[in-house]
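Biologist: Could you take me on a close look at one part of this protein, the open sheet? I would love to hear how its strands are put together.

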Amino acid sequence: MRKTRRLHVAMALFTSTLLGFAAAAWTAVPVVRVVKVSAKRYEFRPASITISRGESLDLELVTDDVLMGFNAPDLGVRSNIVPGQVSCLRITPQKTGTFPFLCDVFCGSGHEDMNGSITVVD
Ligand SMILES: [Cu+2]
């Protein structure tokens, strides 16, 4: 009986330790918000994105049209947007404000008006 009881106590300790590790591992993984940005001649959807300062955000850039670009020069990020592919761009802005982004690959007559903004708040 004693051996069985000790075994149960040991198993309970082992299980609770494992659960503790699992919980620690779970909470240590940062959750990154994902925003899908669709580029279509001649607009981005959404055209305005809001993020908190220091937050990481993954932009998933897609298009069904032609090769385009996503460029947010004030945040130091850019990527091509290739038809049929998902281009992932992570941003973690450290300054607040409203920062423009634009298409920087000529895609047609309305290309110059293809833009949007990322607002970073505290
Ligand atoms: Cu363009």
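Modeller: Happy to; here is the sheet, strand by strand, after a word on the whole protein. This is a predicted model, in which local features need pLDDT of at least 70 and side-chain atom pairs count only at pLDDT 80 or more, while totals for chains, interfaces and linings use all residues. Residues are numbered from 1 along each chain as its sequence is written.

The protein has 1 helix and 9 strands (DSSP runs numbered from the N terminus, H or I of at least four residues for helices and E of at least two for strands). Along the sequence, the helix comes ahead of the strands, in the pattern α-β-β-β-β-β-β-β-β-β.

Your sheet is an open one of 4 strands, ordered 2-1-4-7, with mixed pairing; two strands pair if DSSP finds at least two bridges between them. Let us begin with strand 1, residues 33–40, which pairs with strand 2 in the antiparallel sense over 3 bridges. A hairpin links strand 1 to strand 2 through 2 residues, and K40 has E43 of strand 2 as its bridge partner. Strand 1 also runs parallel to strand 4 (residues 57–63), joined by 7 bridges; here V35 stands opposite L59 of strand 4.

At the edges stand strand 2 (43–45) and strand 7 (87–91), each with a single partner strand, so one side of each has no neighbour in the sheet. On average, neighbouring strands of this sheet are turned by 25° against each other, direction ignored (the axes are lines fitted to C-alpha atoms, and angles run from 0 to 180 degrees between N-to-C directions).
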